[in-house]
Amino acid sequence: MAQTFQPFEMERMMSKWENAVEYNLSESGVHPMIIRELIDDADDIDALLDTEINYPQANGLPALRERIAALYEESRPEQVLVTVGCIEANYLALHTLLEPGDEMAMMLPNYMQLWGVARNRGIQIRPFYLREENDWALDMGDAVTEKTRLIAVCNPNNPTGYILTEDEMDEIVRQAERVGAWILADEVYAGTERLTDRETPSFRGRYDRVLANGSLSKAYGIPGLRIGWTVGPENTVDDMWARREYITISAGMLSNKLAEIALRPQVRRRILRRTRDYIRRGYPVLEEWMNSQGGLFDVVPPQAAAIAFVRYHLNVNSTEFVNRLIREKSVLIVPGDQFGMDRHFRISYGLSPERLEPALERIEELLNEYTAS
Ligand SMILES: Cc1ncc(COP(=O)(O)O)c(C=O)c1O
């Protein structure tokens, strides 16, 4: 029996509005780079202009896969598949590792892609939680059972910006080992740390059955390249590649080339510095604004990513609030409903103060209309 299609509510709303509103505070990465900021070397520009716009090697240019492999412990280019964003890597992982009827454990709150894909494929989801009342500490509960085939984690986490402790990572690995489950680690926010220069460690290298997925969209501020990847056991990565032949064949040639440049160690360092500068300059602006709203908000300060997941004390539904915000104030944020947590919203702060401050003023105008009534 055909089941009702579960759309990806957050991406649907963002796709429709992010380029239509005056202030987009729904994005979880920092303000994107321009090409000129990425390439500043005349030889690189020449080499790009001389590039044949052919299909690249379908699993990713070897030079790019080498750069990606170098980011992980004991990893080789054959264990890397370059994908169209991290979103494709996640999608392929679920289609490769799980069958309808299988059971997976999933961290919540989370980017709800895997939740929707699992529902659409008839995969049973057993949630486990980051607990707001414990500053988003991990609570695995009894989510992992003998039937669990995969444990889906997002670290650093979207939407909370929480980074798992070493003990929490060990706990997840222990539970996976106990039942022989895969760990699907969406690590797209590694490199966006706000409070430390230590990059969030990967699950890769801690256990055999790990797929570590990442991309250039968040920590690198170049989402429009649409370059992501998975790193895992070679045969599993090859199985994912086989499935991808039906959808996109490969990511783009120019994107592969530009991505290789972005991942050269000295360029990468410069880009991550830029990202962290946005994040570290932006959060105090948001924090000061929240503090000036008379106790309306509670937030556990995010440790990473350019987003805060904020609880508000107002008797209004989050989707209703955001719909008014879009239509009346031309500002987009993400309603908590889209993470299954009403009375919250996710708001971006990875923008320059000149962009952030006027957007916050408009949100305040709408809030004032609610508090006055
Ligand atoms: C946790 C997470 N994974 C994957 C993605 C998709 O990213 P990409 O642009 O790399 O496809 C996002 C985007 O917001 C995300 O938050």
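# Loops, ligand and sheet in a predicted model

Me: In which loop is the place of Pro159?
Reply: This is a predicted model, in which local features need pLDDT of at least 70 and side-chain atom pairs pLDDT 80 or more, while totals for chains, interfaces and linings use all residues. Residues are numbered from 1 along each chain as its sequence is written, and side-chain values use heavy atoms, without hydrogens and water. Helices (H or I, at least four residues) and strands (E, at least two) are DSSP runs, numbered from the N terminus. Pro159 lies in the loop between strand S6 (148-154) and helix H7 (166-179).

Me: What is omega for the peptide bond that joins Asn158 and Pro159?
Reply: Asn158 and Pro159 are linked by a cis peptide bond. Its omega is about 20°.

Me: How far does a polar side-chain atom of Asn158 lie from an oxygen atom of the ligand?
Reply: Asn158 is listed among the closest of the 15 residues that surround the ligand, a residue being near if one of its heavy atoms lies within 4 Å. A polar contact is a pair of N or O atoms within 3.5 Å. For Asn158, the separation is 2.7 Å.

Me: How much of the accessible area of the ligand does the protein cover?
Reply: Polar side-chain atoms of Tyr189 and Lys218 lie 2.6 Å and 2.9 Å, respectively, from an oxygen atom of the ligand. On its own, the ligand has 390 Å² of accessible area (Shrake-Rupley method, 1.4 Å probe). The share covered by the protein is 94%.

Me: Which helix gives the most to the shell around the ligand?
Reply: The shell divides into six nonpolar, six polar and three charged residues. Four residues of the shell come from the helix that gives the most, residues 85-97, which is helix H5.

Me: What is omega for the peptide bond that joins Leu108 and Pro109?
Reply: Pro109 belongs to the loop between strand S3 (103-108) and helix H6 (113-121). The bond from Leu108 to Pro109 is cis, with omega of about -5°.

Me: What value does phi of Trp136 have?
Reply: Trp136 is found in the loop between strand S4 (124-131) and strand S5 (137-139). Although Trp136 is not a glycine, its phi is positive, at about 70°.

Me: Which residue in S11 stands opposite Phe297?
Reply: Four strands form an open antiparallel sheet in the order S10-S11-S14-S13, where two strands pair if DSSP finds at least two bridges between them. Strand S10 (297-299) and strand S13 (334-335) are the edge strands, each pairing on one side only. Three bridges join S10 to the antiparallel strand S11 (residues 307-312). Opposite Phe297 in S11 stands Tyr312.

Methods. A polar contact is a pair of N or O atoms within 3.5 Å; within protein, one must be able to donate a hydrogen and the other to accept it, and residues adjacent in sequence count only if both atoms are side-chain atoms. Ala, Val, Leu, Ile, Met, Phe, Trp, Tyr, Cys and Pro count as nonpolar, Asp, Glu, Lys and Arg as charged, and the others, Gly among them, as polar.
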